[in-house]
Each structure stands twice: as C-alpha cells, then as structure tokens.
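User: I've got this model open and I'd like a close look at a single part of it. Could you walk me through the sheet, and then through what sits around it?

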Amino acid sequence: MPRQPIKEYLEENPKKVLVLDGGQGTELENRGIHVANPVWSTIPFISESFWSNASSKDREIVKGMFQDFLDAGADILMTITYQTSFKSVTENTPIKTLKEYNELLERIVSFSRSCIGDEKYLIGCIGPWGAHVCAEFNGDYGGHPENIDYYAYFKPQLDNFFQNKDLDLIGFETVPNFHELKAILSWDDTILSKPFYIGLSVHENGVLRDGTTMNEIGYYIKSLGSKINPNFLLLGINCVSFSDSPDILESIHKELPDMPLIAYPNSGEIYDTVKKIWLPNHYSDITWNDVVNRYIKAGARIIGGCCRTMPDDIEQVSAAVKKSHK
Ligand code: MET
Ligand SMILES: [Zn+2]
C-alpha cells in the first residue's frame, strides 16, 4: 500500500499541511471544455468517446490539468464529480440506471487515479443538494429545507465512493445550508464509512449562505459530543471569497479550536451572471502567502483553491506551505 491512510497521516504529523489542487470545473473551462450544462464538469465523462478513444481531446485536457496541478505541488487531488449525483446525471444525460451510474463513477475514479499515480491522495468530490438546484451560493433550499431527503440524494454516490479503494477521503463541498450540514453529521460510520470532510459555503460577511452563524455551527458540533462520526476528519470552507477567507476560517477555529480545518477559497473574482464574465478581485494586494499563513495558524491541515484558481495559484500555496514546514 503506497499511501499511508490519511487519518493516520494527519494524526501522526500534526505540523504537516497537505496542498490540495485548484478549481477543476473552471480550469477545464479555461482549457476549452464547454461546461455550461446541468451536469457541469461531469460533461466530458458522459461521452463514450472519452473512454473509447485514447487520444480524445477532452481526455488530454483532463490529464493535462491533473499533471499541471501535480507539477504545481499538489499532494491531494479531487475527482471531477461535483455535479455527478445520481439525480443530476439520470435527469440530464443518457445514463439512466444505477448500474450505468456506478460504471460511470468507477471509470472516473480509476481514470483520476491513473492520472495522479499511486502516491498522491485522492478525494471523492460530492457537491451539495445546492449544486442540483443552483443554490450553493445563496443557501436557499426552499420553504422546508428540513424536509429534503438528503440521504436519498447522496446515497448512490456515497455507496459507490465508500467502497472504492482508490479514494482516500470523501469531500462534501460548498454546503450552504444548516439542515444539510446537520443531516450529513447525523449519519454514522456505517453510512459514512471512510474519512470525510465538509466544506462550508460561507458569505463574505462570515455567515453560512443561509444565514447560520459560525457560532451556531460550532455549538451544534460540540453538542454532538462523542456521538460524532469518527470518520469526520476536517471541517472548513470552500469556494468562499479569497480575501475574506482567513477571517472566516479564524472564526471557525475560535468556535472549534481542536477541529482540523480545510480551506480552499475561490479566486475572489465575482461571476456576473448577466454578462457571463468574471469580474476582478478588488483586494489583489493580499497574497497567497499571507492567506496560507493565517490558515495554518488557524488550524488548517489541507489548503488549496476552488473556482478560478489555477496551477499558478497552487504553486504559490505550495511555496507558502513549504516555508511553513521549515
Ligand atoms: C462550485 S465549487 C466547485 C468545486 C469543485 N471541486 C470544482 O472545482 O470543480
Ligand atoms: Zn468553487
């Protein structure tokens, strides 16, 4: 077994920080894949030619992206499965059965593993319910978010990922709603049977997108006490504003000082949904080095980038992490 189990690695090396890759969906878009469709960055994997034609252009693009993140210094990379829930895939692609869906996930995971080799860690990435209903950035899960059957939504992807030995960690990303967070934390280690983390989607002003404060989240997690799933390894933030992210991570650390954290912000650019362009980040004087140092002081153990962060960003994260290890 070339990789030490990630839980053991984090426990035995309390001062070490792992470098995560950058924003994959937006990076594939930069490289020419048209991701504007209901299953977003899953799209290249839906076409049979991706699998049957070894020199398919999309295949080269995905491989090239993984290689560039590896060259930038990533220790841990993600499968491109943010919008690959059973519901999204079966409603929007020719894939209709559980058998075909499982084949799709197995192909994606084993392809990702072949791109990154056996030594790096691989995260099975799972987008929130919000990714299915376009609500990751407003947390609006309708009138009765408590009645949504989150388990039914996640189950096919979870069942598949939890039995796949190529995956070291499961990532619930961009979770914007407190009811969804509580649902995930209510599942025990028979359901969530391998290490997982939760990345929260947090507004610039520091509250979860649905308005829940970090204090309420901290209080809730502490109240679970020994009932907490032992596979819950890290809590953190992803796809939040680059410049506000250190304050946000520090606020989580203040509530839960012993919790290992994960942080991977977006580039800080804002997407103009009308003009369909990215508008610049107004705080470009803040560097990755500053951000990474503040994250590490606040208990971060995995650091990388989300949407619109590129290999060049990961190189800067990696340089800052290396300096901190000296
Ligand atoms: C909307 S956040 C998207 C996160 C996902 N891991 C990606 O970069 O593709
Ligand atoms: Zn993102």
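In what order do the strands of the open sheet come, and is the pairing parallel or antiparallel?

Analyst: Keep in mind that this is a predicted model. The open sheet has 8 strands, and reading across you get β1-β10-β7-β6-β5-β4-β3-β2, with parallel pairing. The edges are held by β1 (18-19) and β2 (76-78); each has a single partner strand, so one side of each is left without a neighbour in the sheet.

Let's start at the β1 edge. Its pairing with strand β10 (residues 300-303) is in the parallel sense and runs over 2 bridges. If you want a spot to click on, try Val19, whose bridge partner in β10 is Ile303.

Now move inward to strand β6 (residues 232-238). In the strand order, β6 stands between β7 and β5. This strand is mostly covered, with 7 of its 7 residues buried. Strand β5 (residues 196-200) runs parallel to β6, and 5 bridges join the two. Gly199 is a handy marker here, as its bridge partner in β6 is Gly236.

Next, the ligand. There are 13 residues around ligand 1, and those that come nearest are Gly23, Gln24, Gly25, Tyr82 and Cys239. Two elements give two or more residues to that shell: α2 (24-30) and β4 (169-175). So which strand of our sheet turns up there? That's β4, which has β5 on one side and β3 on the other in the strand order. By class, the shell around ligand 1 divides into 6 nonpolar, 5 polar and 2 charged residues.

There's a helix pair to look at too. Helix α11 (residues 214-224) and helix α12 (residues 245-255) have axes that come within 9 Å and cross at roughly 35°. The crossing of α11 past α12 is right-handed. On the α11 side you'll find Met214, Asn215, Ile217 and Gly218, and they meet Ser251, Ile252 and Glu255 of α12. That contact is made of 3 nonpolar, 3 polar and 1 charged residues.

One last stop is Arg59, which lies in helix α5 (residues 57-72). Is Arg59 buried or exposed? Neither, quite: Arg59 has 18 other C-beta atoms within 10 Å, so it is partly exposed, since buried takes 20 or more and exposed 12 or fewer. For a sense of distance, Arg59 and Lys276 are 217 residues apart in sequence and 26 Å apart in space, going C-alpha to C-alpha.

Key: Residues are numbered from 1 along each chain as its sequence is written. Chains are lettered from A and ligands numbered from 1 in the order in which they are written. This is a predicted model: local features need pLDDT of at least 70, side-chain atom pairs count only at pLDDT 80 or more; totals for chains, interfaces and linings use all residues. Two strands pair if DSSP finds at least two bridges between them. Helices (H or I, at least four residues) and strands (E, at least two) are DSSP runs, numbered from the N terminus. A residue is near a molecule or strand if its C-beta atom, placed from the backbone, lies within 6 Å of it. Ala, Val, Leu, Ile, Met, Phe, Trp, Tyr, Cys and Pro count as nonpolar, Asp, Glu, Lys and Arg as charged, and the others, Gly among them, as polar. Axes are lines fitted to C-alpha atoms, for helices over the stretch in contact, and angles run from 0 to 180 degrees between N-to-C directions. A crossing is left-handed if the near helix is turned anticlockwise from the far one by less than a right angle, and right-handed if clockwise. Two residues are in contact if their C-beta atoms, placed from the backbone, lie within 7 Å.
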